[in-house]
Every structure is written in structure tokens, then in C-alpha cells.
Amino acid sequence: TLSKESLFNFTEKHPEVLKAYKESLIPKAAEVISNAGIEKRQEFLRPFDASQPSVSLESIKSGRDDADKYHSFILGALTQVFYPALTRPKKEQPVDEGRKRIDILFQNSASEGVFSRLVNVHNYFAPYISVECKNYSGDPKNPEFDQLKGRLNRKRGFVGILVCRKLEDRDLMIKRCQDVVNNDDKQLIIVLEDRDIDNLLTFVAANDKTKISDYVEDIVKEILM
């Protein structure tokens with residue numbers, strides 16, 4: 001649970017999020033709302049990792065030195081973007097009796113939107129979503145895909161997200177994602193680069209969850225087609 005101090009620090013660092021939150025309440029201020037409605041109106045503040053420093057994605061350099069800073073930024077960003085569909089984020093989740101770690105593990109709590117459709121329409125088993133963060137200057141290649149594929153199984157689920165900085169060859173990256181599906185149709189890996197993260201955070205600031213779901217669904221469609 002976020003403390004009042006954490007929320008205060010967050011709103012000081014991110015005044016635009018608080019402004020968007022307040023504006024979203026004005027048109028409906030006189031309505032009687034349910035508990036669920038109250039929760040939805042808190043979606044910008046509740047999920048945010050208050051320990052995340054106030055930095056821009058552009059200020060984080062590619063490479064080993066800033067790898068943890070990038071990891072923490074992506075944790076905070078994806079929590080904002082995908083809540084309440086993805087919940088209970090865990091950084092560096094130990095797996096296989098502690099011999100391996102998943103950079104970020106989310107619980108799939110989606111009742112609608114793309115992560116619900118992956119389960120109920122596309123028939124992927126996805127109680128959890130595994131995320132690997134690659135702060136590389138170059139495109140992820142087969143070893144990075146193989147690493148994430150190795151984290152996917154019947155216990156954790158078969159859907160993963162590979163986050164990287166900038167795709168120099170996006171067409172090849174889509175083909176790598178298609179290879180995952182073609183070699184094992186139980187598994188799906190989605191790749192997001194900086195541009196995608198920026199776009200998704202723009203939708204968060206605009207309080208438009210529908211665009212978030214549609215954006216990711218378009219990436220899924222491109223892979224599956």
C-alpha cells in the first residue's frame with residue numbers, strides 16, 4: 001500500500017498525472033458511484049511504483065551501467081499502462097528454486113481488453129505475464145528470445161513481453177515473434193520498444209485505456225497474421 005508520503009512525492013514529480021486525474025473527476029463529480037468506480041478513478045495513483053526516480057526514458061542510456069535504472073523505469077511505466085489488467089508486479093521474481101529470475105512478473109487480472117482476449121479469444125494460457133527488459137543498443141536476437149521462452153511454462157503461463165530500446169529492423173523482430181508462434185503455438189512473445197512505451201504512456205496521461213488495449217492488440221494481430 002502506498003503511503004501518503006509516497007503519494008505526495010509522486011504527485012510532486014508527476015504533476016501532469018495528478019492534473020489529468022483531477023480533470024477526469026470534474027464531469028462526474030455529482031454522480032453516485034460504486035466502489036469499483038472509485039477504484040477506477042484511482043488508477044493513476046495506486047499502481048505507481050513510488051520508488052521510481054523522476055527520469056525520462058530518453059535520459060536513460062543504453063548499456064550495462066543504466067540497466068537497473070531502465071529496469072525500474074519499465075516496471076513503473078508498465079504498471080501505470082496496464083493496471084488494472086495486470087497487477088501485483090514483482091521485480092526480479094525468483095523461479096526454478098531461485099536459479100533464475102524474471103525481470104518483472106505481473107499477475108493477469110484482466111476481465112476485458114487485450115490481456116483478457118489473449119486468454120478467452122486467442123486461447124493462450126496466461127495467469128501471469130513475464131517481462132524481460134533489455135537495455136541494449138542493438139536489437140534483441142535469438143538468445144534473448146530463447147531466454148524469455150525459457151521462462152514461459154504451464155505454471156506461469158505462455159505469454160511474455162520483451163522490452164528493448166530501439167528496433168533497427170522491426171520487420172525482422174516481427175518475424176522472430178512469428179517464429180515463436182510457429183514453433184510452439186502455445187507461446188506468444190510481444191516486443192515493445194521505447195517508442196511503444198512513450199505512446200502507451202501518452203494514452204495513460206489522456207486516461208484512454210481503450211487505446212492502450214487496441215495498440216497492443218494491433219501488435220498481437222501483426223504477429224499472428
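Helices here are DSSP runs of H or I with at least four residues, and strands are runs of E with at least two, both numbered from the N terminus. Counted that way, this predicted model has nine helices and five strands. If you walk along the sequence, you meet them in the pattern α-α-α-α-β-β-α-β-α-β-α-β-α-α.

With that order in mind, let's look at how the chain packs. Of the 225 residues in the protein, 46% are buried. Contacts between residues at least 6 apart in sequence tell you about the fold's reach: 68% of them join residues at least 24 apart. Turning to the outside, the accessible surface amounts to about 12300 Å², and carbon and sulfur atoms account for 48% of that area.

Now for the inside. Searching the whole structure for cavities of 30 Å³ or more turns up one, and the largest cavity holds about 60 Å³ of space. To find this spot in the viewer, select its lining: Leu167, Arg170, Met173, Ile174, Cys177, Val191, Asp196, Ile219 and Ile223.

Which helices each supply at least two residues of that lining? They are helix 7, spanning 170–183, and helix 9, spanning 209–224. Helix 7 gives the largest share, with four residues.

The chemistry of the wall is worth a look too. Seven of the lining residues are nonpolar, two are charged and none is polar. Since Asp and Arg count as charged, you can pick out the charged pair in the lining as Arg170 and Asp196. Among the nonpolar members are Met173, Cys177 and Val191.

Note on methods. Residues are numbered from 1 along each chain as its sequence is written. This is a predicted model: local features need pLDDT of at least 70, side-chain atom pairs count only at pLDDT 80 or more; totals for chains, interfaces and linings use all residues. Side-chain values use heavy atoms; hydrogens and water are left out. On a 1 Å grid over the protein atoms alone, a cavity is a set of points where a 1.4 Å probe fits but cannot get out, and a pocket is an open set with protein on both sides within 12 Å along at least five of seven lines; lining residues have an atom within 4 Å of a point. Grid points are joined across faces, edges and corners, and a volume is the space filled by probe spheres set on the points. Buried means under 20% relative accessible area, exposed over 50%, partly exposed in between (1.4 Å probe, protein chains only). Contact means heavy atoms within 4.5 Å. Accessible areas come from the Shrake-Rupley method with a 1.4 Å probe; for residues, only the protein chains shown count as cover.
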